[in-house]
Amino acid sequence: MLKLQQTLGWVQSVDSRLCVKVSHTGQYRLIRNSFRAISRMGDGMFWYLLMLVIAITQGHEGYYACLHMLTAGLTGTLVYKWLKHRTSRPRPFQVRQDVLLSGTPLDYFSFPSGHTLHAVAFGMVAVQHYPQLFPIVYPFVVLVGISRVVLGLHYPSDVLAGAGIGYLLVALYSLVF
């Protein structure tokens with residue numbers, strides 16, 4: 001038990017230090033503004049626009065893909081909201097004064113990153129239906145996750161957990177349907 005506590009303490013320490021270092025890249029205007037824009041698009045704008053383009057250009061198959069994306073998004077919202085309130089993990093800037101806050105939090109809690117969860121879920125579903133979207137969608141997914149740490153809104157572990165949950169939701173959904 002002591003070994004586990006030591007390991008968890010070490011992981012938390014690394015997570016916290018990495019969060020501080022990455023958030024300090026937000027002191028540079030170009031980095032800060034670029035990641036703010038990416039995070040803002042990750043609020044839903046990018047995904048809604050993608051679904052609109054798919055629905056318009058792909059007909060009946062596109063409607064099915066959009067429905068799949070919406071279902072993944074709704075499920076993701078329910079899961080991450082439940083987890084955020086269950087864990088009540090404060091955001092990094094609330095705990096550490098040396099985290100540079102460059103973004104506006106949408107809620108009070110940090111774990112897991114809802115932006116990352118949704119980016120992974122929407123991205124996976126989009127690429128399952130249209131593999132040719134991979135070179136556009138996956139870099140955006142990665143940048144959304146990075147943006148959350150750069151902006152001082154999440155710890156790296158929040159982003160990794162959000163990505164893992166998004167992946168699991170889509171994987172489980174794919175098994176069922």
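The largest pocket of this predicted model encloses about 290 Å³ of space. Its lining comprises 20 residues, of which Gly42, Asp43, Tyr80, Gly114 and His118 are the closest to the pocket centre. Two or more lining residues are given by each of the elements α2 (29–87) and α4 (114–129), and the largest share, 11 residues, comes from α2. By residue class, the lining of the largest pocket divides into 7 nonpolar, 8 polar and 5 charged residues.

For the second largest pocket, a volume of about 190 Å³ was computed. Arg36, Ser39, Arg40, Asp43, Ser102, Gly103, Thr104, Leu106, His115, Arg148, Leu151 and Leu153 line this pocket. Helix α2 again gives the largest share of the lining, here 4 residues. The lining of the second largest pocket consists of 3 nonpolar, 5 polar and 4 charged residues. Asp43 is among the residues closest to the centre of the largest pocket and also lines the second largest pocket.

Aromatic contacts were examined next. The count comes to 6 aromatic pairs. One of them, formed by Phe134 and Tyr138, has a centre-to-centre distance of 4.5 Å and an angle of 40° between the planes, and is tilted. Both residues belong to helix α5 (residues 134–150), where they lie 4 residues apart, about one turn of the helix. Phe134 counts as partly exposed because its relative accessibility is 43%, and Tyr138, with a relative accessible area of 29%, is likewise partly exposed. Elsewhere, Phe46, Trp47, Phe122 and Phe140 are linked into a cluster by ring pairs.

Note on methods
Residues are numbered from 1 along each chain as its sequence is written. This is a predicted model: local features need pLDDT of at least 70, side-chain atom pairs count only at pLDDT 80 or more; totals for chains, interfaces and linings use all residues. Side-chain values use heavy atoms; hydrogens and water are left out. On a 1 Å grid over the protein atoms alone, a cavity is a set of points where a 1.4 Å probe fits but cannot get out, and a pocket is an open set with protein on both sides within 12 Å along at least five of seven lines; lining residues have an atom within 4 Å of a point. Grid points are joined across faces, edges and corners, and a volume is the space filled by probe spheres set on the points. Ala, Val, Leu, Ile, Met, Phe, Trp, Tyr, Cys and Pro count as nonpolar, Asp, Glu, Lys and Arg as charged, and the others, Gly among them, as polar. Rings of Phe, Tyr and Trp (its six-membered ring) pair if their centres lie within 6.5 Å; planes under 30 degrees apart count as stacked, over 60 as edge-to-face and the rest as tilted. Buried means under 20% relative accessible area, exposed over 50%, partly exposed in between (1.4 Å probe, protein chains only).
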